[in-house]
Number of protein chains: 2
Amino acid sequence: MLFFAYRDFTSEPDALLAGQGFGRAHHRVIYFVGRHPGMTVSDLLTILKITKQSLARVLRELVDQGFVAQAPGERDKRQRRLSLTAKGLSLERALTERQLARIERAFAQAGTDAVEGFKRVMMGITDDPSLGRRNQP
Amino acid sequence: MLFFAYRDFTSEPDALLAGQGFGRAHHRVIYFVGRHPGMTVSDLLTILKITKQSLARVLRELVDQGFVAQAPGERDKRQRRLSLTAKGLSLERALTERQLARIERAFAQAGTDAVEGFKRVMMGITDDPSLGRRNQP
DNA sequence: ATTTTATGTCAGTCATGTTGACATTTTGCC
DNA sequence: GGCAAAATGTCAACATGACTGACATAAAAT
């Protein structure tokens, strides 16, 4: 079930991104940066659990093409605080829109109690759910 | 949540498979062939939604190394009816064991009603859930 | 002053997907 | 009986997104 749900959940954004020359990895970055504006590169690495070399490639493309903005941290100037540009935000909305529609449809069909149960189980499956709802620093 | 759950759900088997020189794609084949013994190549293609060239590579490795057996169909001799060998079954159990433990833990924590809700929502997210519980022909 | 941290970069590799083209065997239909 | 369609295979080239390993730089912390 997880395989099917995940496969179909990602298929629409994947198709949309392919047109832009982007892939699923770009979507993840856009999504999480959109959710947590001001996050640093290492925050992103912790969430995605990939290597910095892998992240660097997609992040560079997103920054070069003006989807993601970066600014040095105020207290710590080594950090790159990441955020979406207007262009990035617009893409984020286009991508999330499809997925949101899918989730809302599923939630509506299943009912409120089902949604509550769904969330509880999903949290239980995840190793450390606290990493999922990470604090903005 | 789907991203985190899927990532963690696959991480343990991935690690186990890496030792054998296999990957997640091999796991999928082993899983579905184990669930539906006697399925054909095109059944598998329909479920996985990948190209036959992609499937051919992993399937060949699994057959060559004696994890998957194949036999011509009785009525239709063009078909390859796939099944797990003893070796394949043993690997399948080792892989599924970890995932089952994870799911059982999550289910136990969340409670019976939550599980019911979880399943309803997951079905709603999937495009065509009927493809998920495919009939043995 | 030195170490640690946050980040970047180059280079090579691997797993898994893709497209396109063509071959073989078997089935099914006219 | 003959021929199209179906089930499957194979070769080749390519893209994406992950990986390891090694080294570099600037800022912070000790």
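**Close-up views of a predicted protein–DNA model**

By class, the surface near DNA strand D has 3 nonpolar, 9 polar and 11 charged residues (Ala, Val, Leu, Ile, Met, Phe, Trp, Tyr, Cys and Pro count as nonpolar, Asp, Glu, Lys and Arg as charged, and the others, Gly among them, as polar). The model is predicted: local features need pLDDT of at least 70, side-chain atom pairs count only at pLDDT 80 or more, and totals for chains, interfaces and linings use all residues. Residues are numbered from 1 along each chain as its sequence is written, chains are lettered from A and ligands numbered from 1 in the order in which they are written, and side-chain values use heavy atoms, with hydrogens and water left out.

**View 1. The protein surface near DNA strand D.** Among the 23 residues around this strand, those that come nearest are Gly23(A), Thr51(A), Lys52(B), Arg78(B) and Arg80(B); a residue is near a strand if one of its heavy atoms lies within 4 Å of it. Of the atoms of DNA strand D that come within 4 Å of the protein, 56% belong to sugar and phosphate. Helix 2 of chain A supplies the largest share of this surface, 4 residues (helices are DSSP runs of H or I, at least four residues, numbered from the N terminus).

**View 2. Backbone contacts to the phosphates of DNA strand D.** A backbone N or O atom of Thr51(A) lies 2.7 Å from a phosphate oxygen of DNA strand D, a polar contact being a pair of N or O atoms within 3.5 Å. For Lys77(A), the corresponding distance from a backbone N or O atom to a phosphate oxygen of the strand is 3.2 Å, and for Ala25(A) it is 3.4 Å.

**View 3. Contacts to DNA strand C.** An N or O atom in the side chain of Arg78(A) is 2.2 Å from a base oxygen of DNA strand C, while one in the side chain of Arg57(B) is 3.2 Å from a base nitrogen. Arg75(B) places a backbone N or O atom 3.1 Å from a phosphate oxygen of the strand.

**View 4. Helix 1 of chain A against helix 1 of chain B.** The two helices, each spanning residues 2-20, pack at an angle of about 135 degrees with their axes 11 Å apart; axes are lines fitted to C-alpha atoms over the stretch in contact, and angles run from 0 to 180 degrees between N-to-C directions. Helix 1 of chain A is therefore oblique to helix 1 of chain B (angles under 35 degrees count as roughly parallel, over 145 as roughly antiparallel, 65 to 115 as roughly perpendicular and the rest as oblique).

Terms used. Polar contact = N/O pair within 3.5 Å; in protein donor to acceptor, adjacent residues only side chain to side chain.
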